[in-house]
Amino acid sequence: MTMTFKTGLLATATALALGAAPVWAVSISVQEFDATSFGFIEGLGTFNGEDFENLGPGGGATVEGQVGFQGSPLSTAVGNFETVGGTGGGGTVTGSGFPNDGTGLALRDGTVFGRSNKIPTTGSWFLDSNDTHGIEWDVSLGGASFDAIFFTLTDGSDQGAFLRIDAGGGNTFEQRVGGKLPDGNSSIVVIEFSSAVTAADIDFFNFESDGVTFRKDDGFSLDGMRVGIGGPGFGAPPAPVPLPASGLLLIGALGAVALRARKARG
């Protein structure tokens with residue numbers, strides 16, 4: 001199932017009336033993750049990627065560890081990542097097996113309370129929120145333009161938090177509005193912009209049910225970060241497959257049989 005929220009249109013109209021020309025995300029679409037669907041989306045454009053496979057602490061180290069502290073972000077091929085704030089204190093932190101005070105994000109290898117690598121399927125690394133309040137992603141391709149972003153989001157909103165994706169300009173997606181999501185739930189998130197940009201700010205906030213108070217100790221992970229230019233058809237629903245003429249004739253014949261049967265019963 002795919003869920004799509006399109007917001008920010010009133011703000012856009014107001015800005016245009018004032019002579020401004022805002023550019024921000026105009027849609028956030030979320031669907032259940034599977035590697036085939038991810039690959040299909042990737043084939044609809046030209047994208048730069050970050051899979052966190054070679055970004056261990058210290059730059060390329062093959063050990064897990066904290067990264068992305070406030071004011072000291074993790075630099076990647078698709079921009080910078082840092083914690084929104086808050087100090088994690090759940091099992092993700094206390095049982096991490098490496099020095100971890102819960103004040104930053106973490107690069108992880110393997111499986112952590114439902115979080116695991118998604119892309120590439122042969123990989124093992126991912127970026128973990130480390131039980132903090134969330135993740136801030138300053139999207140950049142070093143000055144190159146982009147109009148589309150997609151990535152995987154895993155294990156959000158399963159321990160009581162309400163995870164919100166905020167793409168700016170009033171464009172948000174609430175991961176849940178009802179009960180907790182299953183442990184290890186995984187989605188593909190697609191964000192499209194009204195026109196090409198060279199920078200964007202995507203935030204992932206964990207809130208209490210009031211949507212205002214931050215919540216910690218409900219970790220989630222990101223992987224398969226893709227930023228680039230969507231080609232023709234990117235983000236559009238698949239076109240319906242037309243029936244061949246023989247199929248249409250068959251439907252007509254079946255309809256006629258059903259009509260005769262109803263008349264006979266009458």
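The side chain of Q66 reaches the backbone nitrogen of T103 at 3.3 Å, and it also makes a polar contact with the side chain of D101 at 2.9 Å. These values come from a predicted model. Beyond Q66, this briefing covers an open sheet of six strands, a largest nonpolar core of 36 residues and the surroundings of S186 in strand β15.

**Q66 and its setting**
- Q66 belongs to strand β4, which comprises residues 65-67.
- With a relative accessibility of 14%, Q66 counts as buried, because buried means under 20%.

**The six-stranded sheet**
- The strands of this open sheet follow the order β5-β6-β11-β16-β13-β14, and their pairing is antiparallel.
- The edges are formed by β5 (74-76) and β14 (172-174); each has a single partner strand, so one side of each is left without a neighbour in the sheet.
- On average, neighbouring strands of this sheet are turned by 15° against each other, direction ignored.
- Within the sheet, seven bridges join β11 (residues 134-140) to β16 (residues 199-207) in the antiparallel sense.
- One of the paired positions is S140, whose bridge partner in β16 is A199.
- In general, strands of a sheet pair through backbone hydrogen bonds, either parallel or antiparallel.

**Nonpolar cores**
- In the largest nonpolar core, which has 36 residues, those with the most contacts inside it are F81, W137, I149, I191 and F204.
- When residues up to four places away in sequence are not counted, I191 touches A25, S27, I28, D147, A148, I149, F151, I165, A167 and I202.
- A second core, separate from the largest one, has 10 residues, among them I41, F47, A148 and V190.
- As a general tendency in soluble globular proteins, nonpolar side chains are buried together.

**S186 and its surroundings**
- S186 lies in strand β15, which covers residues 186-197.
- S186 counts as buried, since its relative accessibility is 14%.
- The side chain of S186 makes a polar contact of 2.9 Å with the side chain of T154.
- Apart from neighbours within four places in sequence, the residues in contact with S186 are E32, F33, K118, L153 and T154.
- S186 and R115 are separated by 71 residues in sequence, while their C-alpha atoms are 8.7 Å apart in space.

Terms used: Residues are numbered from 1 along each chain as its sequence is written. This is a predicted model: local features need pLDDT of at least 70, side-chain atom pairs count only at pLDDT 80 or more; totals for chains, interfaces and linings use all residues. Side-chain values use heavy atoms; hydrogens and water are left out. Two strands pair if DSSP finds at least two bridges between them. Helices (H or I, at least four residues) and strands (E, at least two) are DSSP runs, numbered from the N terminus. Axes are lines fitted to C-alpha atoms, for helices over the stretch in contact, and angles run from 0 to 180 degrees between N-to-C directions. A nonpolar core is a set of buried Ala, Val, Leu, Ile, Met, Phe, Trp, Tyr and Cys residues joined through side-chain atoms within 4.5 Å. Buried means under 20% relative accessible area, exposed over 50%, partly exposed in between (1.4 Å probe, protein chains only). Contact means heavy atoms within 4.5 Å. A polar contact is a pair of N or O atoms within 3.5 Å; within protein, one must be able to donate a hydrogen and the other to accept it, and residues adjacent in sequence count only if both atoms are side-chain atoms.
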